[in-house]
Amino acid sequence: MTGDSAPPAKRKEIIVLDYDPAWPTQFEEIKDKLGSLLDGMVADIAHIGSTAVPDLCAKPKIDVDVVLKSEEVIPQGIEKLKLAGYSYHGNKYDDGMWAFTKGKGSFGERVYLCAPGTPTHQKRLFFRDHLRAHPEDATTYGELKQRLASKTDNDWDYYTGNKGPFVASIVRKSAARHIQAVKSHKIRIALDILNDLPQWSDIQASVAVYVQESDAYPMFACFAPDETAIGFLSLKSTSERSFEVHLMGVRACWHRMGIGQALIEAAKNHMASKGARYLKVNTLAASLIGPNDDFNKELIGRLVLDI
């Protein structure tokens, strides 16, 4: 025994290739295979990741999210994929995404099982759909990936971590574009979201009154790709020139995604269309105010805070 330390394990190579038009066909083949393996359990199978975006460079591994019909059948799905030869990696980030791989190195498949409405899956769809619709952002992302891959010395933590801020910014931008006026089911939307926020549990009676009142007021909501409401704001007119935020909430798993600020922007745009200039917010998290906001100079006038 010499006391010499063992040589470090060789890092898996980071391979980023130019877009391959065959990737969508490969996904369809994987989708058909998974549909058969998980027969009767599947709600949706989605092509996600960079191989799902036309003309975007990517690691040559097809990323697939399999949305099962319920959380209860996930254990059964896990066993079926194991038996089919997929390597099981568990729920690594504790976000409800159960990971599997098949193939060698950067080539092959990466499959995730999840339940309906899982936030990580919804964020991936936001990201994918935005890049598909905005090639300029896809180009920027591709350049970032190639730059990171060339300078990381196959350090996957560095590569993945330094993509994170760009990915988060795109998800925020995409979510903001999924805000729309709500015409029906206002009470149900408000209750679903507020019931997801534990801080409201001690004042449910008071909140219930506001929820019922919200049915009569303009409401805006942010919807995930599966059309689940993830944040809402109701707006009450207090005079010809002023409004106040009547009720507002964002699901806990979507906090720090800029949704609250985007809802405030939607409210201000609505006010501008009505000729109002002042908005009162009785409780406002600091995160809703952007670092470059100057409410005295904006079209809508000033934001009155009564905290």
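At 43% relative accessibility, Arg241 counts as partly exposed. This residue belongs to a predicted model, where Arg241 sits in the loop that links strand S8 (229-239) to strand S9 (242-250). Once its neighbours within four places in sequence are set aside, Arg241 is in contact with Ala276, Arg277 and Tyr278. The same part of the chain supplies a further pairing by distance: the C-alpha atoms of Arg241 and Leu279 are separated by 8.9 Å, although these positions lie 38 residues apart along the chain.

Thr101 offers a useful counterpart. Thr101 has a relative accessible area of 17%, and is therefore buried, the cut-off being under 20%. Its place is in strand S4 (residues 98-102). The side chain of Thr101 makes a polar contact of 2.7 Å with the side chain of His89. With neighbours within four places in sequence left aside, the residues in contact with Thr101 are Lys61, Tyr86, Ser87, His89, Glu109 and Arg110.

Turning to the helices, H5 (residues 156-176) can be checked by its length. Its 21 residues, at 1.5 Å a residue, should span 30 Å, and the end C-alpha atoms are indeed 30 Å apart, so expectation and model agree. There is nevertheless a kink of about 35° at Gly164, shortly before the proline Pro165. At the start of H5, a side-chain oxygen of Asp155 comes to within 3.1 Å of the backbone nitrogen of Asp157. The buried residues of this helix are Tyr159, Lys163, Phe166, Ile170, Val171, Ser174 and Ala175. Their cover includes three helices and two strands, namely H3 (119-133), H4 (135-151) and H8 (259-273), together with S6 (179-182) and S7 (219-223).

Helix H6 (residues 186-194) also has a buried set, made up of Lys186, Ile189, Ala190, Ile193 and Leu194. Viewed down the axis of H6, these buried residues fall within an arc of 115°, which means that they line one face of the helix.

These local pictures can be placed in the chain as a whole. Its secondary structure comes to 8 helices and 11 strands. Of its 307 residues, 43% count as buried. Among contacts between residues at least 6 apart in sequence, 65% join residues at least 24 apart. The accessible surface of the chain comes to about 16700 Å², and carbon and sulfur atoms account for 50% of that area.

Methods
Residues numbered from 1 in each chain as written. Predicted model: local features only at pLDDT ≥ 70, side-chain atom pairs only at ≥ 80, totals over all residues. Heavy atoms only, no water. Helix = DSSP H or I, 4+ residues; strand = E, 2+ residues; numbered from the N terminus. Expected span 1.5 Å × (residues − 1). Bend = angle between axes of the 7 residues up to and from the residue. Buried < 20%, exposed > 50% of the residue type's maximum accessible area, 1.4 Å probe, protein only. Contact = heavy atoms within 4.5 Å. Polar contact = N/O pair within 3.5 Å; in protein donor to acceptor, adjacent residues only side chain to side chain. Areas by Shrake-Rupley, 256 points an atom, 1.4 Å probe, with all protein chains shown as cover. Arc of directions from axis to C-beta.
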